[in-house]
Amino acid sequence: MPELPEVEAARRAIEENCLGKKIKRAIIANDSKVIEGVSSVDFESALLGKTIVSAHRKGKNLWLHLDSPPFPSFQFGMAGAIYIKGVAVTKYKRSAVKDNDEWPSKYSKFFVELDDGLELSFTDKRRFARVRLLKDSYISGIGNWIADEVLYQARIHPLQICSSLSKENCATLHNCIKEVIEKAVEVGADSSQFPSNWIFHSREKKPGKAFVDGKKIDFINAGGRTSAYVPELQKLSGTVATKAAGKPTKQASKKKGGDEAEDNDDDEDGVGDEPTNEEEESTKITKPKKGGNPRGRGRKPPMKRKAKESDDDDDDDDSGGNNDGSSEEDDEDLTEKGRKVKTNTSNKQAKTVKTSKRPVSSQDGKKPKRAK
């Protein structure tokens, strides 16, 4: 895997062999995963006739400064490499192209021929590299907490699109970047000496307990990372604000047991579905218990039904009842139970049928005491 030394070796090889030369031919691979944000045709057109003025590196990123923008840049990824035909770029691995080698390689993503016949190629076998065409030079990443601090000081929302910023916003942002970094370096990165009005001091606190200058700090996901900001001061503007207003908030979809659980097709995490499923499972488990309890209220409906059926059998011999082929012994049993129920003249007496199997006295209509 190419690290900073390999990228620097490639930069130096370009600087020693390619500066001041004009690009007379270019071949860019039709690979949208590696060639990012521009078609191969447009990329080739932007290179033809341009002169390579210098080669620069920032971290593990390399770019060629041409006599006019845009400029080609290379992020090496896992297997990216620069080859110059006839030149050993680095001893880290095979870097010199031999006469019998395939050229340009089938893994070539960027190939140019210069006006003196020298040829340069950027290859990537594993396709984790990125080749871009940029109008301006690089800015290094400044870190999570500095990004939060800079945006807070500049009063810019973390989700605000860069291209939507005004010139005034850009100037303010640039000044805040310089001020925050200079102050942090000045005190030797000792956070206890950072200004008290920085969001830094509260960005690690829990939601609802984080404040800066008396204003609430919220936390959102921006660019794959958690970003702290102050909604009262950092507001989205332009079309970005309009789009954001039309989208449901993620916090609402994650409430458990709320109304949102019924309709959360837009919840990618699926968290909102869980309460509903649990309730459904609970209902499925509870229902059989109600109907299957031998000592509960579930016994009452079948007893009433049997009693009613036996009454019909007793009163109407031609109806045949509802036994559907039951034996005579069952008919006699049902009839006997029906007669016992008839002896009861009140609702309390009917309830006795459910709670006790003892015969009920026909004299006083009271239910017998249950044995303890």
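Which residues does serine 121 touch, not counting residues up to four places away in sequence? Select serine 121 and have a look: the answer is Ala81, Ile82, Tyr83, Trp103, Ser108, Phe110 and Phe111. Touching here is contact, meaning heavy atoms within 4.5 Å.

Before we go on, a word about what you have open. This is a predicted model, where local features need pLDDT of at least 70, side-chain atom pairs count only at pLDDT 80 or more, and totals for chains, interfaces and linings use all residues. Residues are numbered from 1 along each chain as its sequence is written, and side-chain values use heavy atoms, with hydrogens and water left out.

**Stop 1: serine 121**

Stay on serine 121, which sits in strand 7 (residues 119–124). Strands (E, at least two residues) and helices (H or I, at least four) are DSSP runs, numbered from the N terminus. Serine 121 has a relative accessible area of 0%, so it counts as buried. The cut-offs are these: buried is under 20% relative accessible area, exposed is over 50%, and partly exposed is in between, with a 1.4 Å probe and protein chains only. Now show the side chain of serine 108 too: a polar contact of 2.9 Å joins it to the side chain of serine 121. A polar contact is a pair of N or O atoms within 3.5 Å; within protein, one must be able to donate a hydrogen and the other to accept it, and residues adjacent in sequence count only if both atoms are side-chain atoms.

**Stop 2: zoom out**

Colour by secondary structure and you get 10 helices and 12 strands. The protein has 372 residues, and 33% of them are buried. Of the contacts with a separation of 6 or more, 54% are between residues 24 or more positions apart.

**Stop 3: helix 2**

Select residues 40–47, which is helix 2. Which of its residues are buried? They are Ser40, Phe43, Ala46 and Leu47. These cover an arc of only 125° around the axis, so they lie on the same side of helix 2. (The arc is that of the directions from the helix axis to the C-beta atoms.) Turn to the other side of helix 2 and you find Val41 and Ser45, both exposed. Next, show what covers the buried residues: the cover includes strand 1 (23–28), strand 3 (61–66), strand 4 (71–75), strand 6 (108–114) and strand 8 (130–134). Just after helix 2, click glycine 49, which takes a positive phi of about 85°.

**Stop 4: rings**

Keep Phe43 selected and add Phe74, Phe76, Phe110 and Phe122: these form one aromatic cluster. The whole structure holds 10 aromatic pairs. Rings of Phe, Tyr and Trp (its six-membered ring) pair if their centres lie within 6.5 Å; planes under 30 degrees apart count as stacked, over 60 as edge-to-face and the rest as tilted.

For one of the pairs, select tryptophan 145 and phenylalanine 200, which meet edge-to-face at 4.9 Å centre to centre, with 70° between the planes. This pair links distant parts of the chain: tryptophan 145 is in helix 3 (residues 144–154), phenylalanine 200 is in the loop between helix 4 (167–186) and strand 9 (211–212), and they are 55 residues apart. Add phenylalanine 194, which also pairs edge-to-face with phenylalanine 200, at 5.1 Å and 75°. Is phenylalanine 194 buried or exposed? Its relative accessible area is 6%, so phenylalanine 194 is buried, while phenylalanine 200, at 21%, is partly exposed.

Now for charges over rings. Lysine 33 lies over the face of phenylalanine 128, 5.3 Å from the ring centre, and arginine 155 lies over tyrosine 152, at 4.7 Å. To count, NZ of Lys or CZ of Arg must be within 6 Å of the ring centre and within 35 degrees of the ring normal.

**Stop 5: backbone oddities**

Most residues other than glycine have a negative phi, and most peptide bonds are trans. Here are some exceptions to click on.

- Proline 69 to proline 70: the peptide bond is cis, with omega near 5°.
- Tryptophan 103 to proline 104: this bond is cis as well, with omega about -10°.
- Arginine 127: phi is positive, near 65°, in the loop between strand 7 and strand 8.
- Aspartate 213: phi is positive, about 50°, and the residue is exposed, with a relative accessible area of 55%.
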